[in-house]
Amino acid sequence: MRRYRRGRALLRTFAVGLLFAANVLVPARAFAEGDPPGDGPACQAVLSIFARGSQDETKWNPPENAEFERGLQSNLPNLSYLNLELGDLNNNDRLDNNGYPALKGWGWAFPGYAASVNVGAVELTNFLSARNCPHEAIVLGGYSQGADVIGLALEWGLPAAVKDRIAYVALYGDPRFYNGSLMNCFAPSRYPWVMQGDGCMRWGPYSAPPSRIPYLPSDFVYKTGSWCADGDEVCRGNLVGGALNLGTHETAYKQRWIGESIGLIALMARAKHNMLAGNQTWSAPNLHRGPVPDAMIVQSTEGHLYVAAGGRLFWFDKNNAGMLAAFRNQMQQRYGSTAYPVMDAADVHAVEVNR
């Protein structure tokens with residue numbers, strides 16, 4: 001388990017950031033399965049990598065990272081698990097060469113922000129592309145600027161062998177969050193990745209900063225969750241509002257949403273590891289494509305809610321507050337989370353019991 005640290009680190013200069021803005025990947029050595037720590041962290045059953053937000057570059061293991069790690073550690077008993085922080089993937093208490101600096105400053109208004117994001121995306125891509133741990137399930141998490149980093153790395157593309165090992169991607173307070181266009185004001189929809197933050201919130205390309213469109217590559221749509229807390233002006237795309245009030249952005253995820261989401265993320269990670277290790281045929285992405293674990297609540301892309309039992313999905317009226325509360329309580333007790341995934345309507349109908 002990663003220890004709490006306070007380390008001094010070198011600030012990446014803007015010039016170095018511009019070098020990486022060209023999306024040039026730095027060659028990295030391959031890690032053989034079981035490599036000793038001196039050659040990089042040894043292979044695990046589950047590896048999580050968390051990218052911190054815009055903050056003092058010497059602030060290692062910030063609250064969001066610590067909460068993410070604690071939650072996964074407690075939800076993955078009897079499995080080897082390691083959490084690494086982007087910027088220190090060697091886990092040696094200092095900023096790695098060409099490591100993600102999470103430049104301090106007011107987000108995207110600070111000239112070094114884009115360069116810092118690019119550096120992080122390069123580092124993550126290089127590390128995952130070089131790491132040779134075929135039985136290791138990978139979880140990616142990012143908060144604020146860190147969520148932007150993870151999103152950019154996915155946009156650039158990862159090798160197929162790496163993508164197959166990624167169990168889940170969790171984004172919190174993403175400045176590039178996207179849940180629809182201006183038309184959502186008139187016909188709200190819920191994209192599969194939207195775990196918190198429905199309705200008319202952003203104006204897509206007209207937000208500040210603009211949303212990332214498309215928000216995710218197609219093969220990550222059903223294994224990514226993005227949380228934008230109510231009142232968080234940063235992920236709502238309100239530059240002025242976010243500058244005036246950072247309170248929700250700075251507190252909502254470490255105090256609530258990471259903790260509420262971690263049970264679902266751990267479930268995905270365990271299932272992916274089991275599949276990679278040959279212990280079962282059900283893989284984590286199939287959580288969205290059936291079969292679905294008992295007591296799990298899912299929402300179809302049509303907006304209907306279902307509860308899983310015996311590998312089938314049973315529709316129920318989401319306006320029935322008592323029934324919804326009972327199902328959510330059962331899900332919380334079993335999986336430690338009330339954050340439910342979204343399934344494509346066609347996949348739902350394939351395993352749905354008639355109403």
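Reader: How far apart are the closest N and O atoms in the salt bridge of Asp-174 and Arg-212?

Author: Keep in mind that this is a predicted model. Asp-174 sits in the loop between strand E4 (166-172) and E5, while Arg-212 sits in the loop between E5 and E6, so the pair links distant parts of the chain, 38 residues apart. A salt bridge here needs a side-chain nitrogen of Lys or Arg within 4 Å of a carboxyl oxygen of Asp or Glu. Asp-174 and Arg-212 make that cut, with their closest N and O atoms at 3.1 Å.

Reader: Is Arg-212 buried or exposed?

Author: Buried means under 20% relative accessible area. Its partner Asp-174 is at 0%. Arg-212 comes in at 6%, so that side of the pair counts as buried.

Reader: Which residues are linked with Asp-174 and Arg-212 in a network of salt bridges?

Author: The Asp-174 and Arg-212 bridge belongs to a network of salt bridges. Besides that pair, the network takes in Asp-148 and Arg-176.

Reader: What is the N to O distance between Asp-219 and Lys-163?

Author: Asp-219 is in the loop between strand E5 (194-196) and strand E6 (224-227), with Lys-163 in helix H5, 56 residues apart. Asp-219 is partly exposed at 38% relative accessibility, and Lys-163 is partly exposed too, at 23%. Their side chains meet in a salt bridge, N to O, at 2.9 Å.

Reader: How many residues apart in sequence are the parts that Arg-165 and Glu-136 tie together?

Author: The side chains of Arg-165 and Glu-136 meet in a salt bridge at 3.7 Å, N to O. Arg-165 is buried at 7% relative accessible area, and Glu-136 is buried at 0%. Arg-165 lies in helix H5 (residues 160-165) and Glu-136 in the loop between helix H3 (113-130) and strand E3 (137-143), so the parts they tie together are apart in sequence by 29 residues.

Reader: Where in the chain does Cys-133 lie?

Author: Cys-133 forms a disulfide with Cys-43, the sulfur atoms being 2.0 Å apart, and both cysteines are buried. The link is left-handed, with -70 degrees about the S-S bond. Cys-43 is in the loop between helix H1 (14-21) and strand E1 (46-51), 90 residues away in sequence from Cys-133, which lies in the loop between H3 and E3.

Reader: Is the link of Cys-228 and Cys-235 left-handed or right-handed?

Author: A search of the whole structure turns up 2 disulfides, and Cys-228 and Cys-235 form one, with sulfur atoms 2.1 Å apart. Cys-228 is buried at 0% relative accessibility, and Cys-235 is buried at 0% as well. With 90 degrees about the S-S bond, their link is right-handed.

Definitions and conventions
Residues numbered from 1 in each chain as written. Predicted model: local features only at pLDDT ≥ 70, side-chain atom pairs only at ≥ 80, totals over all residues. Heavy atoms only, no water. Helix = DSSP H or I, 4+ residues; strand = E, 2+ residues; numbered from the N terminus. Buried < 20%, exposed > 50% of the residue type's maximum accessible area, 1.4 Å probe, protein only. Disulfide = S-S within 2.5 Å.
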